[in-house]
Amino acid sequence: MSNPSLMPVEQALENMLNTVSKITDKETVELPQALGRIVNRPVNSTLDVPGYDNSAMDGYAVRSSEASKGASLTVVGVAAAGHPFNDDIPENGCVRIMTGAPIPNSMDAVVIQENTEANSDHSEITVLQDVPENDNIRRRGSDIALGEEVIPTGTRLSAVDIGLLASLGIAEVAVFRKPKVAVFSTGDELVAPGDKLKSGQIYDSNRYLLIAMLEKLGVDVVNLGRLNDDLDAISQALEDATQSCDAVITSGGVSVGDADFTKMALEQLGSVSFWKVAMKPGKPFAFGKLKNTWFFGLPGNPVAAAVTMDQLAQPVLKHLAGEKHISSDAYQAVAAEGLKKRPGRADFQRGWLEQNKAGQLTVSSAGSQSSAVLSTFRRANCFIRLEQERDTVKAGEEVTVLPFSTLLR
Ligand code: AMP
Ligand code: MG
C-alpha cells in the first residue's frame, strides 16, 4: 500500500533539521524579559546554595558527640534566620536554633525540639534520643555548588528557571536572538475578518491562526497580509521577506491546482522542494531556501495548515531558534471507540484524551476529521497519531497520542 512518491513524516523532519542551522546571534536580556527565551551558553552558579550550613528544623544546635540519649546541655544563646549566633560555645553547651539559621561554630547537628525536654526557664535541655552527626543540617552547596552548570545551552527558560536564576543572584542572561518569521496567505477567495464576504469568498483564517501559533512559539512575527493569486505580488512578497527575515511561512498555493502561483514564484526565486508528505492532513508541503531565508509552504486547508505548522514547522523553527528539546510528548492510550484509517499516510486525528474510572488513558475522536473543519480542534486536546501503514483501529486497541503542544492551546 505504501506509495514511494510520498515522503514519511520522520524523513521530512530529518531532511529539514539536517539542513537548517541555528541562529548564531545572541543578546543579553534581564530576568523579567527572559521567560521563553533560549539560553545561548550554559549558566553556571556563582554561588553555593545554600550559602552556609543552616538548620532544616526548629530545635537545638549541638555537638553530636555530647548529645547522646539522656545528656544534659546548657542553652547558651539563640540563632534565628538572619540572626546568627557567633560566640564560642562551652563544653556541653547548645544553641536554640530556628529553621534557616546558620549553624553556630563547632556545632555538627540539630536535635529537633520534640526530641528534647527543657527545664522551666529553658536554660537547660535533656536530650531524649542519640543525635547522629549532620542531623537536620542543610550543608553549604548541597543544593547547587559554586561553578556547577545549572541551565544548559539550548534551554527554553521556564518560570522555574527564572526563579532559579534569581535565587543565584543572576540578573541577566545570554540568549539567542529571536528568529524573525514572515507570514502571508494567498488566494483570490480570501477576505480579511471584519470585511464583508461576497459570493464565493471565505475568511482568511490561516494567517491569524499561524501568527497566533508563532507568537506562542516566541518568535518575532512579520505579518505580510493576504495576497491575490498573482505571480508578481507573490514574488514581491517573497523578495521582501528575504531582506529581513529568517523564515517565511505561507499557506495555500502549494498543491497542484491551476492557481498555484506560490509554486511558480518559488521556482524563480530559490531552491524549494515540493513534497508530498505521507501525513493526513497535510500532504502538500514545501520547504527550502530563498537566499538566506528558510521557506515553509503549508497547505491551504486550515486544519492541514495548523497540523503541518505544529508537527513539521515547529520543531524546525525551534531548532533554528537554538532550542535543544524539540520533540513532543507521546503517550500510549486505549482507543475508546473505532477510528477510521486507511494505510498509506500517517494520520494526525484530532482526539480527546482522558483517564477513565479505572485510571486508564483512553482516547476518542473529537469529531469530523476533515482538513477543512477547524471547529473539531476546539473539542480536541491531542492528536491521535496513527502509523503510516496502520488500518482501521478497533475499540480497545492501543494508539499513540500527542497532547497538544502549547502552540495549539
Ligand atoms: P490551496 O492550496 O490554495 O488550493 O487551498 C486549499 C484550500 O484551503 C482551499 O479551499 C482554500 O480556499 C483554503 N485556504 C487557502 N488559504 C486559506 C486561508 N488563508 N484561510 C482559510 N482557508 C484557506
Ligand atoms: Mg489557493
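Select ligand 1 together with Gly300 in this predicted model, and you will find an oxygen atom of the ligand 3.1 Å from a polar backbone atom of Gly300. Add Asn301 to the selection, where a backbone N or O atom also lies 3.1 Å from an oxygen atom of ligand 1, and then add Gly253, which places a backbone N or O atom 2.8 Å from an oxygen atom of the ligand. If you now show the surface of the protein around ligand 1, keep in mind that the protein covers 76% of the 480 Å² of accessible area that the ligand has on its own.

Next, widen the selection to the whole shell around ligand 1, which holds 16 residues, with Glu189, Asp204, Ser205, Gly253 and Gly300 coming nearest. Which kinds of residue, nonpolar, polar or charged, make up this shell? Colouring the shell by class gives four nonpolar residues, 10 polar ones and two charged ones. To see which strands take part, highlight β13 (180-186) and β15 (202-203), each of which supplies at least two residues of the shell.

From the ligand, move on to the largest pocket, whose volume is about 710 Å³. Its lining counts 30 residues, and those to select for its centre are Lys318, Ile326, Ser327, Ser328 and Ser405, which lie nearest to that point. The elements that give two or more residues to this lining are the helices α1 (9-19), α3 (206-217) and α6 (302-320), along with the strands β25 (382-386) and β26 (398-403). Which element gives the largest share of the lining of the largest pocket? Select α6 to see it, since this helix provides five residues of the lining. Coloured by class, the lining of the pocket shows 13 nonpolar, eight polar and nine charged residues.

Now colour the protein chain by its domains, which are assigned as domain 1 (9-25 + 178-320), domain 2 (26-49 + 143-176), domain 3 (54-138) and domain 4 (331-403). With domain 2 and domain 3 selected, you can picture the line between their centres, taken over C-alpha atoms, which spans 37 Å.

Keep the domain colours on while you turn to the cavity, for the structure holds one cavity of 30 Å³ or more. The space in the largest cavity comes to about 90 Å³, and the residues to select around that space include Gly36, Arg37, Ile38, Arg156, Phe176 and Ala321. Which domains each give at least three residues to this lining? The colours should lead you to domain 1 and domain 2, each of which contributes at least three. By class, the lining of the largest cavity divides into six nonpolar, two polar and four charged residues.

The tour ends with the backbone, shown as sticks in three loops. Begin with Val49 and Pro50, which are joined by a cis peptide bond with omega near -10°, and notice that Pro50 is found in the loop between β2 (43-44) and β3 (54-55). Then select Lys280 and Pro281, where the peptide bond is again cis and omega is about 0°; Pro281 has its place in the loop between β19 (279-280) and β20 (284-290). Finally, centre the view on Ser106 in the loop between β6 (93-97) and β7 (109-112). Although Ser106 is not a glycine, its phi is positive, at about 70°.

Conventions: Residues are numbered from 1 along each chain as its sequence is written. Chains are lettered from A and ligands numbered from 1 in the order in which they are written. This is a predicted model: local features need pLDDT of at least 70, side-chain atom pairs count only at pLDDT 80 or more; totals for chains, interfaces and linings use all residues. Side-chain values use heavy atoms; hydrogens and water are left out. A residue is near a molecule or strand if one of its heavy atoms lies within 4 Å of it. A polar contact is a pair of N or O atoms within 3.5 Å; within protein, one must be able to donate a hydrogen and the other to accept it, and residues adjacent in sequence count only if both atoms are side-chain atoms. Accessible areas come from the Shrake-Rupley method with a 1.4 Å probe; for residues, only the protein chains shown count as cover. Helices (H or I, at least four residues) and strands (E, at least two) are DSSP runs, numbered from the N terminus. Ala, Val, Leu, Ile, Met, Phe, Trp, Tyr, Cys and Pro count as nonpolar, Asp, Glu, Lys and Arg as charged, and the others, Gly among them, as polar. On a 1 Å grid over the protein atoms alone, a cavity is a set of points where a 1.4 Å probe fits but cannot get out, and a pocket is an open set with protein on both sides within 12 Å along at least five of seven lines; lining residues have an atom within 4 Å of a point. Grid points are joined across faces, edges and corners, and a volume is the space filled by probe spheres set on the points. Domain bounds come from an automatic or database domain assignment.
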